[in-house]
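Trainee: I am new to this structure and would like a close look at a single part of it. Please start with the backbone of one chain, and then set the rest beside that part.

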Amino acid sequence: MNFEIQHLVNNYPLILQGLLVTLRICAVSLAIGTVLGLVACFMKLEGRGWPYRFAVAYIDFFRTIPEVVLIFWVYSCLPLLFSFRLTAEASGILALSLFASAYLAEIFRAGINSASRGQVQAALALGIPVRVIWMRIIMPPAIRRMMPALVSFLSELIKATSLLSAIGVAEMAYQASVLGSKTFAYVEFLSAIAVLYFVTIFPLSLYVRRANQKLAGKAGH
Amino acid sequence: MFALEEQVEEKRSPWGLVAVMATLALIGVAAWKYVNWQLLASLDFSVVWDYRLALAKGLMVTLYLTAIAGLCGLTAGTVLAALSQSRLALVRWVVVAYVELFRNTPILVQLIWIHFALPVFTGWNTTALQSGTIAIALQASAYFSEIVRGGIESVPKGQWEAAYALGLPARTTWGRVILPPALKSMIPALVNLTISFFKATSILSVLQVSELMTITNRISNAVYKPIELFTAAAVIYFVLGYILSQLTLRLERAAK
Amino acid sequence: MEGSRVETSSAAAETPVVISVENIRKSYGSFEVLRGISTEIREKDVTCIVGPSGGGKSTFIRTLNGLEPINEGRIRILDYTLPGRRKETEQLRRSVGMVFQSFNLFMHLTVRENITLGPTAALKVSRDEANARAERLLDRVGIGNQVDKYPGQLSGGQQQRVAIARALAMEPKIMLFDEPTSALDPEMVKEVLEVIRDLAASGMTMLVVTHEMGFAREVAHRVFFMADGVLSVDADPETFFASPKDERHAAFLSKVL
């Protein structure tokens, strides 16, 4: 075959536009997911009572059903159930936010649980106010310890945005398949976006690997 | 978790709970107002039962694809992991490139790429199911190899040295010394990965490979009952996925 | 319990009572760790608590600043009462220092930050004043040159001395030591005991859970023996080590001496 680079040259602005949409969706879903995830995380940290049960069910549910199912459900069922309309992008963002919140809640929880019980007791014994204990003793090491998991999840989220092409959100994978069907240069466009995805995600993976090695090294000695 | 308040002999403040309840109530009221009651009343889940055979067939394809992911992933992944320990730098680099390529691009893109590029490069026209099977096998091999590699690296250096010192042939070193403990230590991770491939098979619906999600979509389009059908699909995925992940948890706890 | 309480042998019997423990009980599930403990501690008392492992020594000392909630009974300590409201418990803890077996330093903060966090965050002491306190206290415990290191860069003995300085920076009226040398390598025990001995000499009211019998004999005004959740012996060191009160006490002494 011949790889017709001309198609890419002619249409690259659309692909880049798609990349921007992809990144925008990621950013917004991550933001909403963080807020919802924090709420779910603290409800689950209660350890008992009905907020705890609700959080456990919520997290298990959204972690267990496939993203595609969630996306289709939000896109085609929510507008019917409630009398309001959502754009494809908005329903995509909502679905990914729910997905993200469940995963982030577990990441936050693991980070907070990794805080040293002894250090918290030492801080309590000094009579340091609970708010300061959270800010100065629990959170800083917790954040450092959950960074690899967070970044790793971010790369999962970027990959998951490609699924929104199935409901017609104009992100990168959608642009590529539309351009592909227009020009029959599928392979060219798909290769191009594969490269773009790779360039975006690979640095994140590298960071995760480095950070995990560093953490493992610290635990080692 | 050490609830901080647990340390003090005082009932904890109820304000957090009140705030959460108020928020939920507010959302509830808003939702209540907007709920399309007419539609809600007309929901008819018997359609799911009517199409039970089609859905079951879809589920079989989903399980078939999951099995492919698990089996191909484990075998090819083990081979890749072994190759990644090769003394030849070239081999190591090829393996790394392959693994990173598949791990750092979305499976959806790989899937469509394979579906369209394979005929172009090989002249072999694949059906959607064939493309899907190939894509999921390739991706699974990359992901599984990472886990197997981690398992292999968790085997203490002393085991290798002992095997070398005994002059064991490579096949025996791998088959009898390194892999058995490595595989044992990574069983939970392997099962978890298989569960995530169970979920990922739904992505193949973009190529209409007649797994559960494709079937759900088709029926929903035909009878226009999206809520009933997508909810049913979500429940099926959830129940199976949940049972599997709970089993893994049990397994992990039992192992400890 | 009141009637059966052992007569105290305080070194300074005239000083005011600063801790009074009234029949406290504490259980983990069905296991009762503290089975009705009552005692009084006077100002400037140095009390060592000894006894077999699992006898409730650590649990007891941790109830005194509310780290272990009690199920029954009452503790009066300085002007505070336990169980009490959270704000008051916080206040109490600012006047009662604690040193842990495993140091529990804040590993992500420097030595200086470890020491200044309490005074600045809890006592609203100015940063300059807190820094001055930190430097003075580190000099006092003999590691004035380690201010800007992280705890991970210090030896166990140095870490424990930082932990003591951290507690002292709050200018506490009472110090609680929970097996302060048990996690240390033998060659570092001495340097930490030295610091605690100096502190005792300065007139600080102290309770020390310890396995160092030599230290207890030398420094303590009173020695408590705790076994099976009961405080069964309260005596001055000479009496404590010379004339066992009952069989458990005798068995314990024969093992450790």
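Mentor: Strands here are DSSP runs of E with at least two residues, and helices are runs of H or I with at least four; both are numbered from the N terminus. The model is predicted. With those terms, start in chain C, where C:Leu78 is found in the loop between β4 (72-77) and β5. The phi angle of C:Leu78 is near 55 degrees, a positive value in a residue other than glycine. Most residues other than glycine have a negative phi, and most peptide bonds are trans. C:Leu78 has a relative accessibility of 25%, so it counts as partly exposed.

On the other side of β5 (80-82), in the loop that leads to α2 (86-95) of chain C, is C:Pro83. The peptide bond that joins C:Leu82 to C:Pro83 is cis, and its omega is near -5 degrees.

Another loop of chain C, the one between β2 (31-42) and β3 (46-50), holds C:Lys44. Phi is positive here too: C:Lys44, which is not glycine, has a value near 70 degrees. With a relative accessible area of 44%, C:Lys44 is partly exposed, because that term covers the range from 20% to 50%.

Next come the side chains, beginning with the aromatic rings. Over all chains, a search of the whole structure finds 23 aromatic pairs. One of them is formed by B:Phe144 and B:Phe197, with ring centres 6.3 Å apart and planes at 20 degrees, so this pair is stacked. The two rings link distant parts of chain B: B:Phe144 belongs to helix α7 (residues 128-153) and B:Phe197 to helix α10 (residues 187-200), 53 residues apart. B:Phe144 has 2% relative accessibility and therefore counts as buried. B:Phe197, at 4%, also counts as buried.

Back in chain C, the rings of C:Phe225 and C:Phe252 have centres 5.1 Å apart and planes at 50 degrees, so that pair is tilted. This pair, too, links distant parts of its chain: C:Phe225 is in strand β9 (residues 222-227) and C:Phe252 in helix α9 (residues 247-256), 27 residues apart. Both C:Phe225 and C:Phe252 are buried.

Ring pairs also join residues of chains A and B into a cluster made of A:Phe54, A:Tyr58, A:Phe61, A:Phe62, B:Phe238 and B:Tyr242.

Rings meet charges as well. In chain C, C:Arg217 lies over the face of C:Phe241, at 4.9 Å from the ring centre. In chain B, the charged end of B:Arg52 sits over the ring of B:Trp49, and its distance from the ring centre is 4.3 Å.

Last, chain A as a whole. Chain A has nine helices and zero strands. Its C-alpha trace spans about 70 × 50 × 25 Å along the principal axes. Of the 221 residues in chain A, 53% are buried. Among contacts in chain A with a separation of 6 or more, 77% are between residues 24 or more positions apart. Carbon and sulfur atoms account for 66% of the accessible surface of chain A, which comes to about 9700 Å². Chain A has 18 positive and 9 negative charges, and the mean positions of the two sets are 16 Å apart.

Note on methods
Residues numbered from 1 in each chain as written. Chains lettered and ligands numbered in written order. Predicted model: local features only at pLDDT ≥ 70, side-chain atom pairs only at ≥ 80, totals over all residues. Heavy atoms only, no water. Phe/Tyr/Trp six-rings, centres within 6.5 Å; stacked < 30°, edge-to-face > 60°. Buried < 20%, exposed > 50% of the residue type's maximum accessible area, 1.4 Å probe, protein only. Lys NZ or Arg CZ within 6 Å of the ring centre and 35° of its normal. Contact = heavy atoms within 4.5 Å. Areas by Shrake-Rupley, 256 points an atom, 1.4 Å probe, with all protein chains shown as cover. Lys, Arg positive; Asp, Glu negative; His and termini not counted. Charge placed at Lys NZ, Arg CZ, Asp CG, Glu CD.
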